[in-house]
Amino acid sequence: MNKPTAIVIGAGIGGIATAARLAKNGYDVTVLEKESTPGGRCNQIIRDGHRFDIGPTLFLMPEVWEETFASLGEKMSDYLDLRRIDPTYKVHFDDGLRLELTSDIGKMQEQLEAVDKTAFTGFLGYIAEGSKHYKISLEKFVGRNFYNIFEYFSLKNLPLIVQLKALQKHFTNTGRFFKDERLKAAFTNLLEIGAKDAANFACNAHCPDGKHVILQKGSSATVAELKKRGFAPIEVETGEFIKSGGSVFCLKLELP
Ligand SMILES: Cc1cc2nc3c(=O)[nH]c(=O)nc-3n(C[C@H](O)[C@H](O)[C@H](O)COP(=O)(O)OP(=O)(O)OC[C@H]3O[C@@H](n4cnc5c(N)ncnc54)[C@H](O)[C@@H]3O)c2cc1C
């Protein structure tokens with residue numbers, strides 16, 4: 001008997017997982033990918049001997065990966081040697097404050113209370129809310145199928161907009177848990193920066209020869225600040241940058 005056939009468009013991690021499950025269930029699968037390599041947003045760029053991951057930094061939702069491997073009759077641990085990184089990241093502020101984001105709750109308490117006596121209570125509230133939102137999102141959105149747009153934008157889902165604070169800025173919401181601006185920034189990964197900070201960032205990230213600073217077009221205040229400091233800014237279009245998790249690279253440019 002002929003096998004049933006399936007075509008999967010896109011060889012990102014979603015397409016690959018789907019294709020593998022279909023194949024496991026007896027389908028003859030063809031995967032079509034428009035790029036020259038599979039991976040999608042989990043891909044990498046190798047240029048001049050340097051490797052840039054263009055997407056994920058954090059291995060999130062391990063249970064979903066485990067379940068995918070299990071559905072194929074495989075064990076994730078046979079393929080991936082995962083090691084916990086703790087602290088996940090370190091935040092340094094220019095006034096000397098340093099924070100290590102760790103899963104050691106005692107260490108978190110010590111660090112946060114040194115900044116502000118109420119910060120640890122805020123932190124517990126912050127992670128409790130995050131955990132609640134995560135569970136609701138998984139149950140109501142991520143873990144189910146929507147067969148038409150009205151199932152998604154349904155009356156039943158309307159209260160979730162409020163419950164999940166979907167229309168509220170993350171930075172504003174974080175302010176309910178932390179009073180200190182530095183802690184708000186650390187727990188949102190967001191920081192309002194002025195031209196001076198932007199100039200520092202631009203120099204650190206894209207100053208390949210100590211003179212020219214490559215930066216994205218459209219920030220005249222940063223350009224002025226850089227010139228004031230004796231740098232030669234080169235503004236380039238967004239499309240000329242290659243973005244990666246947490247970093248931006250400008251590889252397409254020849255310096256004058
Ligand atoms: C900068 C960045 C940082 C991230 N950080 C994290 C992180 O730390 N942790 C985490 O868990 N996730 C992270 N993510 C998200 C994660 O990378 C994505 O959720 C995941 O890779 C999406 O996989 P996907 O298969 O759904 O889509 P994609 O990876 O987008 O795959 C879609 C594929 O389809 C192909 N395609 C599209 N249209 C066509 C077509 N018409 N014909 C043929 N092929 C087509 C594309 O070329 C692509 O290969 C990050 C993403 C980015 C961009």
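In this predicted model, the ligand is surrounded by 22 residues, of which Gly10, Gly12, Gly14, Gly40 and Pro56 come nearest. Two elements, α1 (13-24) and β9 (242-244), give two or more residues each to this shell. The largest share comes from α1, which supplies three residues. In character, the shell around the ligand is mixed: nine of its residues are polar, eight are nonpolar and five are charged.

It helps to place this site within the chain as a whole, which is divided into domain 1 (5-78), domain 2 (90-186) and domain 3 (200-252). Because domain 1 and domain 3 both give residues to the shell, the ligand lies between these two domains. As for domain 2, its centre and that of domain 3 are separated by 31 Å, taken over C-alpha atoms.

A helix pair is worth a look next. Helix α4 (residues 105-115) and helix α5 (residues 119-142) have axes that come within 7 Å of each other and cross at roughly 125 degrees. An angle over 145 degrees would count as roughly antiparallel and one of 65 to 115 as roughly perpendicular, so α4 is oblique to α5. On the α4 side, the contact is made by Met108, Gln109, Leu112, Glu113 and Val115, which meet Ala119, Phe120 and Phe123 of α5. Six of the residues in this contact are nonpolar, while one is polar and one is charged.

Technical notes: Residues numbered from 1 in each chain as written. Predicted model: local features only at pLDDT ≥ 70, side-chain atom pairs only at ≥ 80, totals over all residues. Near = placed C-beta within 6 Å. Helix = DSSP H or I, 4+ residues; strand = E, 2+ residues; numbered from the N terminus. Nonpolar A, V, L, I, M, F, W, Y, C, P; charged D, E, K, R; others polar. Domains from an automatic or database assignment. Axes fitted to C-alpha atoms, helices over the stretch in contact; angles between N-to-C directions. Parallel < 35°, antiparallel > 145°, perpendicular 65-115°, else oblique. Contact = placed C-beta atoms within 7 Å.
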